[in-house]
Structure formats: structure tokens, C-alpha cells
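Biologist: Please take a close look at the nonpolar core and the strands around it. I would like one connected account.

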Amino acid sequence: MSKPRIWISNASPKQGEIVRVRALIEHRMESGFRQNADGSAISRNIIHTFKAHLNDELLFSWFPETAISQNPYIEFTFIAFASGELLLTWEDDDGEIIQGSTELTLSA
């Protein structure tokens with residue numbers, strides 16, 4: 001699996017400015033409803049948890065279900081309040097944790 005692609009609207013916003021975050025990961029997102037050629041079910045493996053933190057502060061969490069598409073894209077906004085590491089974390093049914101991060105530095 002490749003690294004998540006993360007884009008932020010402004011890496012050096014002023015305090016109180018709105019920052020838009022866009023992120024995309026590669027993930028097969030097996031629903032558990034498909035079958036192999038031999039007729040056996042392919043095990044469900046979807047992203048079930050997404051969390052975004054700025055330093056240790058939780059900004060956003062999301063709990064997708066089986067209807068989410070392959071290679072999920074997410075977009076959200078938050079108000080810039082501190083400099084630090086923006087850490088995005090996805091977790092799937094197999095227990096795999098995918099993380100990506102970028103730095104945010106408040107400008108004067």
C-alpha cells in the first residue's frame with residue numbers, strides 16, 4: 001500500500017484561519033459480499049476508522065461503513081489554532097494502520 005496523499009490549503013495559516021484538508025489513500029475496501037472464482041466469500045476488509053489530529057488534539061473522526069468506495073477520499077476543514085504535526089490515521093478490519101502527516105506552522 002502506498003503512502004496517503006495529503007493536501008492542505010495553507011501550510012502556514014494565521015491563527016483563526018480556516019484550513020482545508022484533502023486526503024486520499026489506496027485501499028481495496030472489500031465489502032465481504034464478493035466471491036472468489038471457487039465461490040468462497042472474500043473476507044470483509046474496509047477502513048472502519050479515520051482520525052485527524054493536530055499534535056495531540058483530535059480534530060475530526062469518521063467511521064465509514066461498507067458503502068464507502070475503494071481508495072477513499074476525505075475532505076474536511078478546521079480552524080488553525082496551533083503549529084504542529086497534522087497526523088491522519090486510517091485503520092482497517094485486518095488491523096492495518098495507515099498514517100500520513102504534514103506540518104502546519106502558524107504565521108504572524
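Modeller: What follows goes from the core to the open sheet and then to one loop residue. The model is predicted: local features need pLDDT of at least 70, side-chain atom pairs count only at pLDDT 80 or more, and totals for chains, interfaces and linings use all residues. Residues are numbered from 1 along each chain as its sequence is written, and side-chain values use heavy atoms, with hydrogens and water left out.

A nonpolar core is a set of buried Ala, Val, Leu, Ile, Met, Phe, Trp, Tyr and Cys residues joined through side-chain atoms within 4.5 Å; buried means under 20% relative accessible area, exposed over 50%, and partly exposed in between (1.4 Å probe, protein chains only). The largest such core has 20 residues, and Val21, Phe50, Phe76, Phe78, Leu86, Leu88 and Trp90 touch the most other members. At least two residues each come from strands S2 (18-24), S3 (47-54), S5 (73-79), S6 (84-92) and S7 (97-104); strands are DSSP runs (E, at least two residues), numbered from the N terminus. S3 gives the largest share, 4 residues.

Beyond its neighbours within four places in sequence, Val21 is in contact (heavy atoms within 4.5 Å) with Trp7, Ile8, Ile74, Glu75, Phe76, Phe78, Leu86 and Leu88.

An open sheet of 4 strands runs in the order S4-S3-S6-S7 with antiparallel pairing, where pairing requires at least two DSSP bridges between two strands. Its edge strands are S4 (57-62) and S7. S6 and S7 are joined by 8 bridges, and Leu87 stands opposite Ser101 in S7.

Gly95 lies in the loop between S6 and S7 and is partly exposed, at 42% relative accessible area.
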